[in-house]
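User: I'm new to reading structures, and I'd like a close look at one part: what sits inside and what sits outside. Could you walk me through it slowly?

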Amino acid sequence: MAVLEKLTSQQAIDLENKYGAHNYHPLPVVLNKGEGVYVWDVEGKKYYDFLSAYSAVNQGHCHPKIVGAMVNQAQTLTLTSRAFYNDKLGEYEKFVSEFFGFDKLLPMNTGAEAVETALKICRKWAYEKKGIPENEAQIIVCENNFHGRTTTIISFSNDPVARKNFGPYTAGFIKIEYDNLEALEQALESNKNVAGFLVEPIQGEAGVYVPSEDYLSKAKALCEKYGVLFIADEVQTGIARTGRLLATCGNCSCSDKNCSNEPEVKPDILILGKALSGGAYPVSAVLANDPIMEVIRPGNHGSTFGGNPVAAAVAIAALEVVRDEKLAENAFELGELFRSELNKYIENSSIVNLVRGKGLLNAIVINDSEESETAWNICVALKENGLLAKPTHGNIIRFAPPLVMNKEQLLECVSIITKTLQEFE
Ligand SMILES: Cc1ncc(COP(=O)(O)O)c(C=O)c1O
(Lines give C-alpha, C1' and ligand atoms only; values in the text may rest on other atoms or scores of the structure.)
Protein backbone atom coordinates (compact mmCIF):
# COMPACT_ATOMS: atom_id res chain seq x y z
CA MET A 1 0.00 0.00 0.00
CA ALA A 2 1.45 3.37 -1.00
CA VAL A 3 1.37 5.82 1.89
CA LEU A 4 -0.09 8.55 -0.34
CA GLU A 5 -3.29 6.59 -1.08
CA LYS A 6 -6.39 7.78 0.78
CA LEU A 7 -6.47 5.69 3.92
CA THR A 8 -9.43 4.21 5.72
CA SER A 9 -9.64 4.93 9.44
CA GLN A 10 -8.47 1.43 10.27
CA GLN A 11 -5.47 1.67 7.92
CA ALA A 12 -4.42 4.99 9.48
CA ILE A 13 -4.73 3.54 12.98
CA ASP A 14 -2.75 0.45 11.97
CA LEU A 15 0.05 2.63 10.54
CA GLU A 16 0.32 4.65 13.77
CA ASN A 17 0.29 1.50 15.84
CA LYS A 18 3.03 -0.12 13.80
CA TYR A 19 5.36 2.84 13.19
CA GLY A 20 4.60 5.27 15.99
CA ALA A 21 5.65 5.04 19.64
CA HIS A 22 2.65 4.17 21.78
CA ASN A 23 2.80 7.27 23.96
CA TYR A 24 -0.91 8.14 23.59
CA HIS A 25 -4.17 6.21 23.75
CA PRO A 26 -6.37 8.04 21.22
CA LEU A 27 -10.08 7.58 20.73
CA PRO A 28 -10.54 5.43 17.60
CA VAL A 29 -11.35 8.25 15.18
CA VAL A 30 -9.12 9.47 12.33
CA LEU A 31 -9.58 13.12 11.39
CA ASN A 32 -8.55 14.78 8.18
CA LYS A 33 -10.39 18.10 8.12
CA GLY A 34 -11.43 20.84 10.54
CA GLU A 35 -13.41 24.06 10.24
CA GLY A 36 -14.60 26.19 13.15
CA VAL A 37 -16.22 23.94 15.76
CA TYR A 38 -16.31 20.91 13.46
CA VAL A 39 -13.92 18.15 12.42
CA TRP A 40 -14.42 15.39 9.86
CA ASP A 41 -13.07 11.84 9.80
CA VAL A 42 -11.55 10.20 6.74
CA GLU A 43 -14.88 8.53 5.91
CA GLY A 44 -16.51 12.00 5.83
CA LYS A 45 -18.41 11.85 9.13
CA LYS A 46 -18.75 15.25 10.82
CA TYR A 47 -18.23 15.80 14.56
CA TYR A 48 -18.36 18.59 17.07
CA ASP A 49 -14.87 18.95 18.54
CA PHE A 50 -15.32 19.09 22.31
CA LEU A 51 -11.61 18.94 23.18
CA SER A 52 -10.10 21.66 20.93
CA ALA A 53 -6.72 19.89 20.98
CA TYR A 54 -6.54 20.30 24.77
CA SER A 55 -7.68 23.95 24.50
CA ALA A 56 -5.25 24.95 21.74
CA VAL A 57 -7.92 25.52 19.09
CA ASN A 58 -9.90 28.16 21.01
CA GLN A 59 -10.32 30.24 17.84
CA GLY A 60 -11.80 27.26 15.94
CA HIS A 61 -10.19 24.98 13.38
CA CYS A 62 -8.38 26.60 10.46
CA HIS A 63 -9.49 30.14 11.30
CA PRO A 64 -9.05 31.99 7.97
CA LYS A 65 -7.39 35.01 9.56
CA ILE A 66 -4.82 32.86 11.41
CA VAL A 67 -4.19 30.54 8.46
CA GLY A 68 -3.92 33.60 6.19
CA ALA A 69 -1.28 35.18 8.43
CA MET A 70 0.60 31.89 8.57
CA VAL A 71 0.59 31.30 4.80
CA ASN A 72 1.53 34.88 4.10
CA GLN A 73 4.48 34.81 6.48
CA ALA A 74 5.52 31.30 5.39
CA GLN A 75 5.85 32.57 1.83
CA THR A 76 8.05 35.46 2.96
CA LEU A 77 10.39 34.34 5.73
CA THR A 78 10.06 31.31 8.02
CA LEU A 79 13.14 31.11 10.21
CA THR A 80 16.20 33.21 10.90
CA SER A 81 17.10 31.78 14.32
CA ARG A 82 17.94 34.37 16.94
CA ALA A 83 21.44 34.74 15.51
CA PHE A 84 19.91 37.61 13.52
CA TYR A 85 17.00 39.96 14.08
CA ASN A 86 13.81 39.55 12.08
CA ASP A 87 11.18 42.16 11.39
CA LYS A 88 8.30 40.25 13.04
CA LEU A 89 9.61 39.31 16.47
CA GLY A 90 9.78 42.80 17.98
CA GLU A 91 6.32 43.65 16.68
CA TYR A 92 4.99 40.42 18.22
CA GLU A 93 6.74 40.99 21.55
CA LYS A 94 5.33 44.53 21.78
CA PHE A 95 1.83 43.39 20.82
CA VAL A 96 1.66 40.50 23.30
CA SER A 97 3.39 42.33 26.16
CA GLU A 98 0.91 45.21 25.86
CA PHE A 99 -2.03 42.82 25.35
CA PHE A 100 -1.35 41.18 28.72
CA GLY A 101 0.17 44.17 30.53
CA PHE A 102 3.80 43.06 31.00
CA ASP A 103 7.13 44.68 30.15
CA LYS A 104 8.66 41.78 28.26
CA LEU A 105 8.14 38.40 26.63
CA LEU A 106 10.45 35.43 26.12
CA PRO A 107 9.34 33.36 23.10
CA MET A 108 9.25 29.56 23.09
CA ASN A 109 7.36 26.89 21.16
CA THR A 110 5.59 24.39 23.41
CA GLY A 111 3.91 24.69 26.77
CA ALA A 112 6.45 22.51 28.56
CA GLU A 113 9.33 24.62 27.21
CA ALA A 114 7.62 27.74 28.49
CA VAL A 115 7.20 26.16 31.94
CA GLU A 116 10.90 25.20 31.93
CA THR A 117 11.73 28.77 30.94
CA ALA A 118 9.67 30.17 33.81
CA LEU A 119 11.40 27.84 36.28
CA LYS A 120 14.82 28.93 35.05
CA ILE A 121 13.92 32.62 35.25
CA CYS A 122 12.54 32.11 38.74
CA ARG A 123 15.68 30.33 39.98
CA LYS A 124 18.01 32.90 38.46
CA TRP A 125 15.96 35.73 39.94
CA ALA A 126 16.18 34.00 43.33
CA TYR A 127 19.98 33.87 43.26
CA GLU A 128 20.62 37.26 41.71
CA LYS A 129 17.82 39.38 43.18
CA LYS A 130 16.54 37.67 46.30
CA GLY A 131 19.94 36.47 47.46
CA ILE A 132 19.15 32.79 47.97
CA PRO A 133 22.41 30.79 48.32
CA GLU A 134 23.46 29.04 45.11
CA ASN A 135 21.68 25.75 44.37
CA GLU A 136 19.36 26.15 47.36
CA ALA A 137 16.29 27.62 45.64
CA GLN A 138 12.98 25.81 46.11
CA ILE A 139 9.84 26.22 44.02
CA ILE A 140 6.46 25.33 45.51
CA VAL A 141 4.14 23.32 43.24
CA CYS A 142 0.74 21.69 43.76
CA GLU A 143 -0.29 18.07 44.03
CA ASN A 144 -1.99 16.69 40.91
CA ASN A 145 -0.36 19.38 38.78
CA PHE A 146 0.15 19.04 35.05
CA HIS A 147 2.78 21.29 33.54
CA GLY A 148 4.16 19.13 30.71
CA ARG A 149 6.46 16.21 30.11
CA THR A 150 10.12 17.18 30.47
CA THR A 151 12.31 15.40 33.02
CA THR A 152 12.28 18.39 35.38
CA ILE A 153 8.53 18.88 35.09
CA ILE A 154 7.67 15.22 35.71
CA SER A 155 10.04 15.34 38.69
CA PHE A 156 7.36 17.29 40.56
CA SER A 157 4.37 15.41 39.17
CA ASN A 158 2.59 12.89 41.37
CA ASP A 159 1.15 10.92 38.46
CA PRO A 160 2.92 7.53 38.61
CA VAL A 161 2.35 6.90 34.88
CA ALA A 162 4.10 10.16 33.98
CA ARG A 163 6.98 9.58 36.46
CA LYS A 164 7.80 5.94 36.94
CA ASN A 165 11.19 4.86 35.57
CA PHE A 166 12.14 8.33 34.39
CA GLY A 167 14.34 9.12 37.40
CA PRO A 168 16.64 10.40 38.73
CA TYR A 169 14.46 13.40 39.29
CA THR A 170 15.28 17.11 39.45
CA ALA A 171 15.49 18.44 43.00
CA GLY A 172 14.26 21.78 44.31
CA PHE A 173 10.48 21.43 44.46
CA ILE A 174 8.12 21.40 47.42
CA LYS A 175 4.70 19.87 46.79
CA ILE A 176 1.61 21.11 48.63
CA GLU A 177 -2.12 20.47 48.36
CA TYR A 178 -3.93 22.53 45.68
CA ASP A 179 -6.45 25.09 46.88
CA ASN A 180 -4.99 25.01 50.40
CA LEU A 181 -3.75 28.41 51.57
CA GLU A 182 -2.65 27.12 54.97
CA ALA A 183 -0.38 24.59 53.29
CA LEU A 184 1.05 27.36 51.12
CA GLU A 185 1.71 29.64 54.08
CA GLN A 186 3.28 26.81 56.04
CA ALA A 187 5.61 25.96 53.16
CA LEU A 188 6.57 29.61 52.77
CA GLU A 189 7.12 30.08 56.48
CA SER A 190 9.16 26.96 57.06
CA ASN A 191 11.57 27.42 54.15
CA LYS A 192 13.51 30.64 53.69
CA ASN A 193 14.80 29.55 50.28
CA VAL A 194 11.50 29.56 48.40
CA ALA A 195 11.85 31.35 45.07
CA GLY A 196 8.42 30.89 43.55
CA PHE A 197 5.00 29.29 43.58
CA LEU A 198 3.96 27.60 40.32
CA VAL A 199 0.23 27.07 39.95
CA GLU A 200 -2.50 26.31 37.40
CA PRO A 201 -5.44 28.70 37.94
CA ILE A 202 -7.68 25.70 37.26
CA GLN A 203 -6.17 22.21 37.27
CA GLY A 204 -7.16 21.09 33.77
CA GLU A 205 -5.54 17.71 33.25
CA ALA A 206 -6.27 16.66 36.82
CA GLY A 207 -9.97 16.89 35.96
CA VAL A 208 -10.89 20.58 35.75
CA TYR A 209 -10.54 21.36 39.47
CA VAL A 210 -11.66 24.93 40.09
CA PRO A 211 -10.15 26.31 43.31
CA SER A 212 -12.07 28.44 45.82
CA GLU A 213 -12.99 31.89 44.57
CA ASP A 214 -10.32 33.77 46.54
CA TYR A 215 -7.58 31.13 46.34
CA LEU A 216 -5.47 32.77 43.64
CA SER A 217 -5.69 36.29 45.03
CA LYS A 218 -4.83 35.13 48.55
CA ALA A 219 -2.02 32.91 47.25
CA LYS A 220 -0.64 35.92 45.38
CA ALA A 221 -0.85 38.02 48.57
CA LEU A 222 1.07 35.32 50.46
CA CYS A 223 3.72 35.26 47.74
CA GLU A 224 4.10 39.03 48.07
CA LYS A 225 4.33 38.75 51.87
CA TYR A 226 7.17 36.23 51.65
CA GLY A 227 8.88 37.80 48.61
CA VAL A 228 8.44 34.88 46.23
CA LEU A 229 7.31 34.90 42.60
CA PHE A 230 3.74 33.92 41.75
CA ILE A 231 4.00 31.93 38.51
CA ALA A 232 0.72 31.26 36.70
CA ASP A 233 0.68 28.41 34.19
CA GLU A 234 -2.12 29.56 31.90
CA VAL A 235 -1.14 27.24 29.05
CA GLN A 236 -4.57 25.61 29.24
CA THR A 237 -6.68 28.22 31.05
CA GLY A 238 -5.43 31.27 29.16
CA ILE A 239 -6.57 33.02 25.97
CA ALA A 240 -10.31 33.28 26.80
CA ARG A 241 -10.89 29.61 27.63
CA THR A 242 -12.37 30.22 31.10
CA GLY A 243 -14.56 33.15 30.09
CA ARG A 244 -11.87 35.77 30.70
CA LEU A 245 -8.80 36.60 28.68
CA LEU A 246 -6.78 34.97 31.46
CA ALA A 247 -8.08 32.94 34.37
CA THR A 248 -5.92 35.20 36.55
CA CYS A 249 -6.80 38.23 34.43
CA GLY A 250 -4.60 40.76 36.14
CA ASN A 251 -4.25 44.19 34.63
CA CYS A 252 -4.88 42.98 31.11
CA SER A 253 -6.04 45.13 28.26
CA CYS A 254 -9.13 43.10 27.46
CA SER A 255 -12.56 44.64 27.33
CA ASP A 256 -13.92 41.75 29.33
CA LYS A 257 -16.91 42.82 31.37
CA ASN A 258 -16.63 39.78 33.67
CA CYS A 259 -13.26 40.83 35.03
CA SER A 260 -14.76 42.96 37.76
CA ASN A 261 -16.72 40.01 39.19
CA GLU A 262 -13.67 38.23 40.49
CA PRO A 263 -10.52 39.32 42.21
CA GLU A 264 -7.74 40.21 39.83
CA VAL A 265 -4.42 38.49 40.25
CA LYS A 266 -1.42 39.73 38.38
CA PRO A 267 1.17 36.94 38.15
CA ASP A 268 4.84 37.84 38.43
CA ILE A 269 5.48 35.34 35.66
CA LEU A 270 2.78 34.35 33.17
CA ILE A 271 3.11 31.20 31.04
CA LEU A 272 1.12 30.92 27.80
CA GLY A 273 0.98 28.33 25.01
CA LYS A 274 -1.61 26.33 23.10
CA ALA A 275 -4.24 28.90 21.95
CA LEU A 276 -1.61 31.61 21.67
CA SER A 277 -1.46 30.34 18.08
CA GLY A 278 -5.05 29.15 17.77
CA GLY A 279 -3.63 25.67 17.33
CA ALA A 280 -2.10 26.51 13.96
CA TYR A 281 1.53 26.33 15.04
CA PRO A 282 3.49 25.64 18.25
CA VAL A 283 3.86 29.01 19.98
CA SER A 284 4.43 29.58 23.69
CA ALA A 285 5.65 32.51 25.73
CA VAL A 286 6.71 33.62 29.18
CA LEU A 287 5.84 37.15 30.25
CA ALA A 288 7.28 39.17 33.14
CA ASN A 289 8.24 42.69 34.08
CA ASP A 290 11.77 44.05 33.71
CA PRO A 291 13.03 43.48 37.27
CA ILE A 292 12.46 39.76 36.72
CA MET A 293 13.09 39.30 33.00
CA GLU A 294 16.36 41.25 33.11
CA VAL A 295 18.09 38.31 34.84
CA ILE A 296 18.12 36.56 31.46
CA ARG A 297 21.23 37.45 29.46
CA PRO A 298 22.57 36.26 26.08
CA GLY A 299 23.44 32.59 26.27
CA ASN A 300 21.32 31.82 29.35
CA HIS A 301 18.38 30.41 27.43
CA GLY A 302 17.03 30.01 23.93
CA SER A 303 15.52 27.90 21.18
CA THR A 304 16.23 27.76 17.44
CA PHE A 305 12.54 28.09 16.60
CA GLY A 306 11.43 30.30 19.52
CA GLY A 307 10.29 33.66 18.20
CA ASN A 308 10.41 32.71 14.53
CA PRO A 309 8.56 35.00 12.12
CA VAL A 310 5.79 32.52 11.34
CA ALA A 311 5.06 32.02 15.04
CA ALA A 312 5.05 35.78 15.57
CA ALA A 313 2.62 36.45 12.71
CA VAL A 314 0.34 33.58 13.70
CA ALA A 315 0.18 34.60 17.38
CA ILE A 316 -0.66 38.23 16.62
CA ALA A 317 -3.50 37.07 14.35
CA ALA A 318 -4.68 34.53 16.95
CA LEU A 319 -4.92 37.18 19.68
CA GLU A 320 -6.64 39.63 17.34
CA VAL A 321 -9.28 36.98 16.67
CA VAL A 322 -9.81 36.50 20.43
CA ARG A 323 -10.23 40.25 20.88
CA ASP A 324 -12.26 41.06 17.75
CA GLU A 325 -14.63 38.10 18.03
CA LYS A 326 -15.10 38.63 21.77
CA LEU A 327 -14.27 35.02 22.54
CA ALA A 328 -13.86 35.58 26.29
CA GLU A 329 -17.38 36.97 26.52
CA ASN A 330 -18.76 34.14 24.37
CA ALA A 331 -16.99 31.51 26.47
CA PHE A 332 -18.40 33.09 29.63
CA GLU A 333 -22.00 33.09 28.38
CA LEU A 334 -21.92 29.66 26.75
CA GLY A 335 -20.19 28.19 29.80
CA GLU A 336 -23.00 29.38 32.08
CA LEU A 337 -25.55 27.93 29.68
CA PHE A 338 -23.69 24.62 29.36
CA ARG A 339 -23.44 24.05 33.11
CA SER A 340 -27.03 25.07 33.76
CA GLU A 341 -28.34 22.72 31.02
CA LEU A 342 -26.21 19.84 32.27
CA ASN A 343 -27.23 20.49 35.87
CA LYS A 344 -30.85 20.08 34.82
CA TYR A 345 -29.96 16.66 33.44
CA ILE A 346 -27.84 15.69 36.45
CA GLU A 347 -30.78 16.27 38.85
CA ASN A 348 -32.28 12.99 37.65
CA SER A 349 -29.12 11.16 36.60
CA SER A 350 -27.55 8.16 38.24
CA ILE A 351 -24.54 8.10 35.90
CA VAL A 352 -23.26 11.69 36.29
CA ASN A 353 -22.42 13.12 39.70
CA LEU A 354 -21.64 16.70 38.78
CA VAL A 355 -20.50 19.21 36.21
CA ARG A 356 -17.85 21.80 37.07
CA GLY A 357 -15.73 24.36 35.33
CA LYS A 358 -15.48 27.94 34.19
CA GLY A 359 -16.26 29.42 30.83
CA LEU A 360 -15.86 26.63 28.28
CA LEU A 361 -13.42 24.57 30.34
CA ASN A 362 -15.72 22.04 31.98
CA ALA A 363 -15.85 18.44 33.10
CA ILE A 364 -18.41 15.93 34.24
CA VAL A 365 -17.67 13.40 36.94
CA ILE A 366 -19.03 9.94 36.15
CA ASN A 367 -20.58 7.93 38.93
CA ASP A 368 -18.11 5.06 38.72
CA SER A 369 -14.65 4.19 40.00
CA GLU A 370 -11.47 5.86 38.71
CA GLU A 371 -10.42 2.51 37.26
CA SER A 372 -13.70 1.81 35.44
CA GLU A 373 -14.08 1.95 31.66
CA THR A 374 -17.34 3.87 31.86
CA ALA A 375 -15.97 7.34 30.99
CA TRP A 376 -14.04 5.90 28.05
CA ASN A 377 -17.13 4.01 26.84
CA ILE A 378 -19.22 7.18 27.09
CA CYS A 379 -16.64 9.00 24.95
CA VAL A 380 -16.79 6.22 22.35
CA ALA A 381 -20.60 6.52 22.34
CA LEU A 382 -20.35 10.33 22.08
CA LYS A 383 -18.16 9.81 19.04
CA GLU A 384 -20.79 7.56 17.47
CA ASN A 385 -23.31 10.34 18.12
CA GLY A 386 -21.13 13.03 16.51
CA LEU A 387 -19.19 14.67 19.36
CA LEU A 388 -15.54 14.16 20.31
CA ALA A 389 -14.40 14.33 23.94
CA LYS A 390 -11.87 12.45 26.04
CA PRO A 391 -11.60 11.38 29.69
CA THR A 392 -8.93 13.31 31.62
CA HIS A 393 -8.38 10.85 34.41
CA GLY A 394 -10.42 7.73 35.11
CA ASN A 395 -14.00 8.81 35.63
CA ILE A 396 -13.82 12.46 34.50
CA ILE A 397 -14.68 13.71 31.00
CA ARG A 398 -13.47 17.15 29.94
CA PHE A 399 -15.68 19.28 27.69
CA ALA A 400 -13.77 22.12 26.00
CA PRO A 401 -15.16 23.10 22.59
CA PRO A 402 -13.70 25.87 20.41
CA LEU A 403 -14.82 29.27 21.71
CA VAL A 404 -16.27 30.29 18.33
CA MET A 405 -19.28 28.08 19.02
CA ASN A 406 -22.73 29.69 18.93
CA LYS A 407 -25.71 29.12 21.22
CA GLU A 408 -27.61 26.87 18.80
CA GLN A 409 -24.57 24.68 18.31
CA LEU A 410 -23.99 24.48 22.05
CA LEU A 411 -27.59 23.43 22.68
CA GLU A 412 -27.29 20.77 19.97
CA CYS A 413 -24.15 19.50 21.72
CA VAL A 414 -25.94 19.43 25.08
CA SER A 415 -28.63 17.29 23.50
CA ILE A 416 -26.02 14.92 22.00
CA ILE A 417 -24.34 14.63 25.40
CA THR A 418 -27.55 14.06 27.38
CA LYS A 419 -28.90 11.58 24.82
CA THR A 420 -25.61 9.65 25.02
CA LEU A 421 -25.56 9.71 28.82
CA GLN A 422 -29.08 8.29 28.80
CA GLU A 423 -27.73 5.18 27.05
CA PHE A 424 -25.65 4.57 30.22
CA GLU A 425 -28.30 5.25 32.91
C1 LIG B 1 -1.34 23.68 32.35
C2 LIG B 1 -0.45 23.09 31.30
N3 LIG B 1 0.86 23.41 31.28
C4 LIG B 1 1.70 22.93 30.37
C5 LIG B 1 1.27 22.04 29.40
C6 LIG B 1 2.23 21.48 28.42
O7 LIG B 1 2.03 21.99 27.15
P8 LIG B 1 2.66 21.24 25.87
O9 LIG B 1 1.90 19.98 25.70
O10 LIG B 1 2.46 22.21 24.73
O11 LIG B 1 4.10 21.01 26.18
C12 LIG B 1 -0.10 21.68 29.38
C13 LIG B 1 -0.60 20.73 28.36
O14 LIG B 1 -1.66 20.19 28.45
C15 LIG B 1 -0.97 22.22 30.34
O16 LIG B 1 -2.26 21.89 30.38
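Analyst: Let's settle one word before anything else. A residue is called buried if its relative accessible area is under 20%, exposed if it is over 50%, and partly exposed in between. Keep in mind, too, that this is a predicted model.

Now try that on a cysteine. Cys 413 has a relative accessibility of 0%, so it counts as buried. Cys 223 also comes out at 0%, so this residue is buried as well. You might wonder how many disulfides there are in the whole structure. The search finds zero. To see why, you need one cut-off: two cysteine sulfur atoms have to be within 2.5 Å to count as a disulfide. For Cys 413, the closest cysteine sulfur belongs to Cys 379 and is 14 Å away, so that is too far for a bond. For Cys 223, the closest one is in Cys 122, at 9.5 Å, which is also too far for a bond.

Next, have a look at a whole strand. β10 covers residues 284-288, and five of its five residues are buried. If you picture the strand as having two sides, both are covered. Ser 284, Val 286 and Ala 288 are on one side, with Ala 285 and Leu 287 on the other, and every one of them is buried.

So what does β10 pair with? In general, strands of a sheet pair through backbone hydrogen bonds, and they can do that in a parallel or an antiparallel way. One partner here is β4, residues 104-108, which runs antiparallel to β10 and is joined to it by five bridges. If you'd like to find that pairing on screen, look for Met 108, whose bridge partner in β10 is Ser 284. Another partner is β9, residues 269-272, also antiparallel, with four bridges to β10. There, Leu 270 has Leu 287 as its bridge partner in β10. Notice that you've already met Ser 284 and Leu 287: they are on opposite sides of β10, and both are buried.

Stay around β9 for a moment and step back along the chain. The loop between β8 (229-233) and β9 holds Ile 239, and Ala 240 lies in that loop too. Both have a slightly odd backbone. Ile 239 has a positive phi of about 60° although it isn't a glycine, and Ala 240, also not a glycine, has a positive phi near 80°. Are these two buried or exposed? Ile 239 has a relative accessible area of 1%, so it is buried, and Ala 240 is buried too, at 0%.

A residue doesn't have to be nonpolar to be buried, by the way. Take Arg 339, which lies in helix α12, residues 327-346. Its relative accessibility is 13%, so Arg 339 counts as buried. Its side chain has partners: it reaches the backbone oxygen of Gly 359 at 3.0 Å, and it makes a polar contact with the side chain of Asn 362 at 2.8 Å. Asn 362 also stands opposite Phe 399 in β15. That brings in strand β12 (residues 361-366), which is joined to β15 (residues 396-399) by four antiparallel bridges. These two strands belong to an open sheet of four, in the order β11-β12-β15-β14, with antiparallel pairing. At its edges are β11 (352-358) and β14 (390-391), each of which pairs on one side only.

The ligand is another thing the protein covers. Among the residues around it are Ala 112, Asp 233 and Lys 274. A polar backbone atom of Ala 112 is 2.8 Å from an oxygen atom of the ligand. Asp 233 has a polar side-chain atom 2.7 Å from a ligand nitrogen. Lys 274 has a side-chain N or O atom 2.7 Å from a ligand oxygen. On its own the ligand exposes 390 Å², and the protein buries 81% of that. The shell around it is made up of three nonpolar, five polar and four charged residues.

And the outside? Go to the loop between α1 (9-19) and β1 (31-35), where you'll find Tyr 24. At 57% relative accessibility, Tyr 24 counts as exposed. His 25 is in the loop between α1 and β1 as well, and at 54% His 25 is exposed too.

Methods
Residues numbered from 1 in each chain as written. Predicted model: local features only at pLDDT ≥ 70, side-chain atom pairs only at ≥ 80, totals over all residues. Heavy atoms only, no water. Near = heavy atom within 4 Å. Polar contact = N/O pair within 3.5 Å; in protein donor to acceptor, adjacent residues only side chain to side chain. Areas by Shrake-Rupley, 256 points an atom, 1.4 Å probe, with all protein chains shown as cover. Nonpolar A, V, L, I, M, F, W, Y, C, P; charged D, E, K, R; others polar. Buried < 20%, exposed > 50% of the residue type's maximum accessible area, 1.4 Å probe, protein only. Pairing = 2+ DSSP bridges.
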